[in-house]
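Here is a short tour of one protein, written for reading with the model open beside you. Please keep the viewer at hand and turn to each residue as it comes up.

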Amino acid sequence: MTDSTTGPLAARVQGPVRIVGAGLLGSSIGHALRARGVDVVLDDTSPAQLRLAIDYGAGRAARADDAPVLVVVAVPPDVTADVIERELVAYPQAVVTDVASVKLEPLRRLRERGVDLTRYIGSHPLAGRERGGAIAARADIFVGRPWVVCRDGETRPGDLALVEGLALDLGAMPLEMSPEEHDRAVALTSHVPQLVASLLAGRFVDAPEGSLRLAGQGVRDTTRIAASAPELWVQILGANAAPVVDVLDALAADLTAVSAALREPEVPGARRDVAETIRRGNDGVERLPGKHGQNRRFEQVVVMVDDRPGQLGRLFGDLGVLDVNVEDLRLEHSPGAQFGLAEVSVVPAAVRRTVDGLTARGWKIASTND
């Protein structure tokens with residue numbers, strides 16, 4: 001985040017910022033803030049993790065005279081409350097936030113202990129990667145992503161502005177929610193999808209090798225997050241168990257209903273039940289925000305791309321000449337074939353221009369939903 005004429009872009013958070021936890025999120029926050037010229041102090045219970053994050057440039061080691069204006073707690077959920085309490089005591093002039101994926105459980109534990117939470121504001125960036133640790137950290141993982149901020153009646157306006165300023169400095173979009181609203185929301189949109197992906201991917205363990213060779217982009221998309229770390233997810237799911245169970249119970253009822261319909265597909269109404277299941281899924285997908293948070297939908301053009309260096313660059317070059325803006329892109333490799341499929345998303349009005357123009361330039365169009 002730099003300007004070629006003025007250097008690092010001015011940050012809303014002037015620092016120093018202390019980050020406790022030098023893993024993926026903590027180190028990524030450090031990289032993003034340092035790109036804006038902010039003094040970042042790193043701390044971690046693992047000396048090796050800390051040294052690695054510092055070596056990669058996410059921040060510097062702590063000093064005895066550090067006086068942070070903001071402390072970001074980026075540790076596993078089972079120790080989040082403990083670290084928040086410790087940091088509030090150690091730095092009485094600092095605002096403390098955390099980036100744990102569950103908000104109500106740490107807050108409940110802190111309240112039970114009678115901790116003064118005036119300077120604490122829970123938050124959660126909806127960002128991450130399948131891989132963890134400082135080595136996987138990137139400054140841009142927060143760009144365009146929601147960043148939930150959980151204020152309450154005791155939150156001072158200046159403190160709230162500091163935490164929201166952190167999110168904005170990292171390119172994220174601050175969104176205020178209560179801890180209860182947040183935990184119910186992530187149960188539906190993050191925690192249960194993780195379980196569904198893991199359960200489906202678990203079916204592959206004993207599947208015949210020939211079956212897995214038929215795996216296409218659909219199953220890869222559905223199970224991508226199944227590669228996540230079990231140790232972390234045990235903590236997340238345990239801390240948010242009640243909302244997750246509510247969604248799982250409803251999903252189990254849906255699965256039972258569609259199983260019953262398919263068990264006897266000739267029974268009157270069975271096909272309608274299956275069709276309604278698919279249609280309801282269509283309706284749900286339509287509600288998901290698209291590019292830039294819009295609900296705008298796009299059409300897909302699937303282009304065959306030879307598995308040779310420079311082909312994707314040539315494809316994008318041709319699309320640029322055709323004045324076609326690529327709204328999204330997915331790549332699928334064909335098992336055993338020397339080509340891949342590039343699914344290019346464009347606005348509906350550009351579909352015909354895209355197909356005709358690419359065809360004229362020698363590209364093979366595999367399919368289009370125009």
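In which loop is the place of aspartate 323? Aspartate 323 sits in the loop between α12 (311–321) and β12 (328–333). This is a predicted model, so please read the values below as computed from it.

**Backbone points to look at**

Aspartate 323 is a good place to begin. Its phi is near 60°, a positive value in a residue other than glycine. Most residues other than glycine have a negative phi, and most peptide bonds are trans. Aspartate 323 is exposed because its relative accessible area of 62% is over the 50% cut-off.

A second positive phi belongs to glycine 362, at about 95°. You will find glycine 362 just after α13. Helix α13 itself covers residues 351–360, and its buried residues are Val351, Thr354, Val355, Gly357 and Leu358. In general, an α-helix has 3.6 residues a turn, so residues three or four places apart point the same way.

Towards the start of the chain, glycine 15 and proline 16 are joined by a cis peptide bond, with omega about 0°. Proline 16 is found in the loop between β2 (7–8) and β3 (17–20).

**The protein as a whole**

The protein has 13 helices and 14 strands. Its C-alpha trace spans about 65 × 60 × 40 Å along the principal axes. Of the 370 residues, 38% are buried. Among contacts with a separation of 6 or more, 68% are between residues 24 or more positions apart. The protein exposes about 20,200 Å², and carbon and sulfur atoms supply 55% of that area.

**The nonpolar interior**

The largest nonpolar core has 33 residues, and those with the most contacts inside it are Ile29, Leu70, Trp147 and Leu166. Two or more residues each come from β3, α1 (24–34), β4 (40–43), α2 (47–55), β6 (70–73), β9 (146–150) and α5 (157–169). The largest share, five residues, is from α5. Another core, of 17 residues, lies apart from this one, and Val301, Ala342, Val351 and Trp363 are among its members. Val351 also appears among the buried residues of α13.

**Four residues compared by cover**

| Residue | Location | Relative accessible area | Class |
|---|---|---|---|
| Leucine 33 | helix α1 | 0% | buried |
| Serine 228 | loop between α8 (217–223) and α9 (230–239) | 18% | buried |
| Leucine 52 | helix α2 | 32% | partly exposed |
| Aspartate 323 | loop between α12 (311–321) and β12 (328–333) | 62% | exposed |

What does leucine 33 touch, not counting residues up to four places away in sequence? Its partners are Val17, Val38, Val40, Leu166, Asp169 and Leu170. Leu166 is one of the residues with the most contacts in the largest core. If you would like a distance to try in the viewer, leucine 33 and glycine 133 are 18 Å apart, C-alpha to C-alpha, and 100 residues apart in sequence.

Serine 228 counts as buried because its 18% is under the 20% cut-off. The side chain of serine 228 reaches the backbone oxygen of isoleucine 225 at 2.7 Å.

Leucine 52 takes us to the surface. Together with Tyr56 and Ile135, Leu52 forms a nonpolar patch there, with about 290 Å² of accessible area for the three together.

Key:
Residues are numbered from 1 along each chain as its sequence is written. This is a predicted model: local features need pLDDT of at least 70, side-chain atom pairs count only at pLDDT 80 or more; totals for chains, interfaces and linings use all residues. Side-chain values use heavy atoms; hydrogens and water are left out. Buried means under 20% relative accessible area, exposed over 50%, partly exposed in between (1.4 Å probe, protein chains only). Helices (H or I, at least four residues) and strands (E, at least two) are DSSP runs, numbered from the N terminus. A polar contact is a pair of N or O atoms within 3.5 Å; within protein, one must be able to donate a hydrogen and the other to accept it, and residues adjacent in sequence count only if both atoms are side-chain atoms. A nonpolar core is a set of buried Ala, Val, Leu, Ile, Met, Phe, Trp, Tyr and Cys residues joined through side-chain atoms within 4.5 Å. Patches are made of residues with over 30% relative accessible area and no salt bridge: like charges are joined within 9 Å, nonpolar side chains (Val, Leu, Ile, Met, Phe, Trp, Tyr) within 5 Å. Accessible areas come from the Shrake-Rupley method with a 1.4 Å probe; for residues, only the protein chains shown count as cover. A salt bridge is a side-chain nitrogen of Lys or Arg within 4 Å of a carboxyl oxygen of Asp or Glu. Contact means heavy atoms within 4.5 Å.
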